[in-house]
Amino acid sequence: MAVAPRPAPVPDGPAEETFNDFSDDDIAALRDSLGSLRSRERVAERLLASSARHSFDPDTELDWDAPWTEGLWYWPPELVSLYDTPLWYAMPEEQRIDLSRHESAALASLGTWFELILMQLLVRHIYDKPQTSAHVRYALTEIADECRHSMMFMRAVRKAGTPAYPPGRLHHNLARVFKTASTTPGSFTATLLGEEVLDWMQRLTFPDERVQPLIRGVTRIHVVEEARHVRYAREELRRQMRVAPRWERELTRITAGEFARIFSVAFVNPRVYTAVGLDRAEAVAQVRAGAHRREVMRQGARRLTDFLDEIGVLSGVGRALWRRSGLLA
């Protein structure tokens, strides 16, 4: 079955085409294929206004006491890693649904890991910025959003009755180094990689009536609030790829490709297969060989890779690494 097309992104309106930190001559030069850079403060002000209109408290917004509905999925079947593989066709429907329950929990665990990293990157980013600026205020607003999202994801995992699925020790410790030592453009590239593929999947999940209502509610809240986070990260990455020194831009291109490789490996935790009674090695091999799964991941990353290509991140060695990750055709 073909993967459904991605719904249109949530628009947050045009931003004024100015850039407050530079002279008129600088502004004229600071363009890329997407046009002029936007005013950092005006973007932040618009995002703050959107936050005031569309922010949610998952503890009160969602019905955590409602029982699960028998026969409904915990993740759309087309997005389950083993979909359209020989193992998938050999599994009874009940086992497929159980795999979707565990994969939903694994993705929530992955999302929490990403958000813990992101919160630390944002704190580092604003440490030297003017404390009264709208840019800093929005970053703090986003950190508050991410705190709520992390608590929401883990509450959903507990409700599902599965274990949490943290990353392996190697990736956990690599992230420890990255969140401490990354450059600013590298931080925002990794942020977008962690947000946009999962966001694409969640945009397909929350309107899907085959999926449990609580899971749909969790993904709806995350999609609405993450639209602002993606806008903030994209605008800042565009700026950094124009004003950062050449060595930092080159480093970003290479590290972004390595992030993509790690992300593609970490996206599915192989322990989910053992949890539902499958042979882990065989399941992993079939996922890696599956054409449907490759297409899902490429579709999920396409909007991001198009953007990164337009602002000059996907070039040279970095582009080859992205292709090796499977996220870029």
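Helices here are DSSP runs of at least four residues in state H or I, strands are E runs of at least two, and both are numbered from the N terminus. With that in hand, Asp-65 can be placed in the loop between helix 3 (58-61) and helix 4 (86-90). Please keep in mind as you read that this is a predicted model.

Let's begin with the chain as a whole. Its secondary structure comes to 14 helices and 2 strands. Of the 329 residues in the chain, 55% are buried. If you take the contacts between residues at least 6 apart in sequence, 81% of them join residues at least 24 apart.

Now go back to that loop and look at Asp-65. Asp-65 counts as exposed because its relative accessibility is 72%, and the cut-off for exposed is over 50%. Its C-alpha lies 9.0 Å from that of Lys-159, although the two residues are 94 apart in sequence. The loop between helix 3 and helix 4 also holds Asp-84. At 36% relative accessibility, Asp-84 is partly exposed. Its backbone deserves a glance as well: phi is near 65°, a positive value in a residue other than glycine. For background, most residues other than glycine have a negative phi.

From the loop we can move to the interior. The largest nonpolar core has 88 residues, and those with the most contacts inside it are Leu-82, Phe-267, Tyr-273, Leu-308 and Trp-322. Helix 5 (residues 93-126) gives the most to this core, contributing 15 residues. Phe-267 is a good place to center your view. Setting aside residues up to four places away in sequence, Phe-267 touches Leu-107, Leu-110, Val-197, Met-201, Arg-293 and Met-297.

Next, the empty spaces. Rolling a probe the size of a water molecule over the atoms shows where empty space is left. In this structure there are 4 cavities of 30 Å³ or more. The largest cavity contains about 150 Å³ of space. Its lining is made of 16 residues, and Trp-75, Ser-104, Ala-108, Ile-215 and Val-218 are the ones nearest its centre. Helix 5, helix 6 (134-160), helix 8 (184-205) and helix 9 (213-243) are the elements that each give two or more residues to this lining. Helix 5 gives the most, with 5 residues. By residue type, the lining of the largest cavity divides into 12 nonpolar, 3 polar and 1 charged.

The second largest cavity has a volume of about 50 Å³. Among the residues that line it are Trp-75, Leu-107, Met-201, Phe-267 and Arg-293, so you may recognize some names. Helix 5 again supplies the largest share of the lining, here 3 residues. The lining of the second largest cavity comprises 8 nonpolar, 1 polar and 2 charged residues.Three charged residues round off the walk. Arg-101 lies in helix 5. Is Arg-101 buried or exposed? Arg-101 is buried, because its relative accessible area of 18% falls under the 20% cut-off. Leaving aside neighbours within four places in sequence, Arg-101 is in contact with Tyr-74, Ala-160, Gly-161 and Thr-162. Arg-101 and Ala-160 are 59 residues apart in sequence, yet their C-alpha atoms are 7.0 Å apart in space.

Arg-253 is found in helix 10 (residues 246-266). Arg-253 is buried too, with a relative accessible area of 13%. Which residue's side chain is joined to that of Arg-253 by a polar contact of 3.2 Å? The partner is Ser-315. Beyond residues up to four places away in sequence, Arg-253 touches Met-241, Gly-312, Val-313, Ser-315 and Gly-318.

Finally, turn to Glu-235 in helix 9. Glu-235 counts as buried because its relative accessible area is 8%. Its C-alpha atom is separated by 9.9 Å from that of Ala-44, a residue 191 places away along the chain.

Notes: Residues are numbered from 1 along each chain as its sequence is written. This is a predicted model: local features need pLDDT of at least 70, side-chain atom pairs count only at pLDDT 80 or more; totals for chains, interfaces and linings use all residues. Side-chain values use heavy atoms; hydrogens and water are left out. A nonpolar core is a set of buried Ala, Val, Leu, Ile, Met, Phe, Trp, Tyr and Cys residues joined through side-chain atoms within 4.5 Å. Buried means under 20% relative accessible area, exposed over 50%, partly exposed in between (1.4 Å probe, protein chains only). Contact means heavy atoms within 4.5 Å. On a 1 Å grid over the protein atoms alone, a cavity is a set of points where a 1.4 Å probe fits but cannot get out, and a pocket is an open set with protein on both sides within 12 Å along at least five of seven lines; lining residues have an atom within 4 Å of a point. Grid points are joined across faces, edges and corners, and a volume is the space filled by probe spheres set on the points. Ala, Val, Leu, Ile, Met, Phe, Trp, Tyr, Cys and Pro count as nonpolar, Asp, Glu, Lys and Arg as charged, and the others, Gly among them, as polar. A polar contact is a pair of N or O atoms within 3.5 Å; within protein, one must be able to donate a hydrogen and the other to accept it, and residues adjacent in sequence count only if both atoms are side-chain atoms.
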